[in-house]
Amino acid sequence: MASLLPKLMKALVKKEEQASYTYEEIPVPEPADDEVLIKVDCVAICHECAGTVVKCGPGVTEVSVGDKVGVENHFYCGECYQCKYEDGAICSNMGQFGHGKKTRSGGCSEYTTVPARYLYVIKSDLDAEQIALLEPLGVAHNALERLDVKGQDVLVTGCGPVGLFAQAVAKVLGAKRVIATDIENAKLKLAKEMGADITVNTKTKDLKEFVVELTDGVGMDRICECSGVPSVVNSTFSLLRKGGQVMLVGLPKQPLHERLFKALTMRTVHGRLIFHTWQEIEKLVAEKKIDVKKVVSHRFPMSKFEDAFKALFSGEACKILMDPTK
């Protein structure tokens, strides 16, 4: 396969610190000793990548040519305290695939190089779109697994891709009732398809009044905050019951200012547990317990990347996929 590789490829290139990219023809990269070259089969905004291994560096033993892979885009160092004693997902020296942080490549190209240890080899019959969507699904799974939702009422605030995945994961993990909130009816309709039992448009309904009525004044057992909107994040604490738990997935840059007197547990999450989360979510998708493609609102050739980003910034898109071959 390596002998049939082209010399040049199409890629989105960031040359300057300004908006957008240039769509160029550049040399196909050569993998270093510990790297592999993958043919990118699908890439999502932002930077979630699925591919097929087409060439391995001389030192690579973990993967083989022909393997279908997902890219763990948090490039952990393997040497810091967190990597040695906890998990690479919270590495102190994190690089990030596609963001230019300690990495030179990304997924918005026909081919890309990735150190072999950051690749998850797919064992089931998933297609490229499903593989690309494992990465954001993994964020939701990591959050809900830590939140201990079995038998609990779970409120998920925000119906972006991760919020929608969180609703689906909550149901699969045994939540009693899943309540989804957003300000867009179209997203709430999708939430129902993903597994939400109850939806609330917080533009037209007071969420606190709703929670008081739903729980007979007790408050929510579990909350997974996925909007990242400061006012929403701060309001979540007043919705919890005493002893409840909240997981902050959407993290605002502004400080939290709510006073906490409920003996509650607050957690945050960063990415996926490497590679435990990948194994768990691959099984969920392969067994058709979660249909990840339901969150896809747009598909574009990568050559039309400007249209893809316009759709993203319009606020009307959910998850956007691009085909690097077109």
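On disulfides, colleagues: a search of the whole structure, which is a predicted model, finds 0 of them. Take C42 to begin with. This cysteine is in no disulfide, and the nearest cysteine sulfur, belonging to C49, is 8.4 Å away. C42 is also buried, with a relative accessible area of 4%.

Now to C83. Which cysteine sulfur is closest to that of C83, and why is there no bond? The closest one sits in C80, at 3.6 Å. A disulfide requires the two sulfur atoms to be within 2.5 Å, so the sulfur of C83 is too far from that of C80 for a bond. As for its surroundings, C83 has a relative accessibility of 17% and therefore counts as buried, since the cut-off for that class is under 20%.

I turn next to a pair of helices, α4, spanning residues 161-172, and α5, spanning residues 185-194. Their axes come within 9 Å and cross at roughly 30°. Angles under 35 degrees count as roughly parallel, so α4 is roughly parallel to α5. The crossing of these two helices, α4 and α5, is right-handed.

Which residues make the contact? On the α4 side they are L164, F165, Q167 and A168. From α5 come K187, L190, A191 and M194. Sorted by class, the contact of α4 with α5 comprises 6 nonpolar residues, 1 polar residue and 1 charged residue.

To summarise the two topics: the search for disulfides returns 0, and α4 and α5 cross at roughly 30° in a right-handed sense. Thank you.

Definitions and conventions
Residues numbered from 1 in each chain as written. Predicted model: local features only at pLDDT ≥ 70, side-chain atom pairs only at ≥ 80, totals over all residues. Heavy atoms only, no water. Buried < 20%, exposed > 50% of the residue type's maximum accessible area, 1.4 Å probe, protein only. Axes fitted to C-alpha atoms, helices over the stretch in contact; angles between N-to-C directions. Helix = DSSP H or I, 4+ residues; strand = E, 2+ residues; numbered from the N terminus. Parallel < 35°, antiparallel > 145°, perpendicular 65-115°, else oblique. Left-handed = near helix turned anticlockwise from the far one by under 90°. Contact = heavy atoms within 4.5 Å. Nonpolar A, V, L, I, M, F, W, Y, C, P; charged D, E, K, R; others polar.
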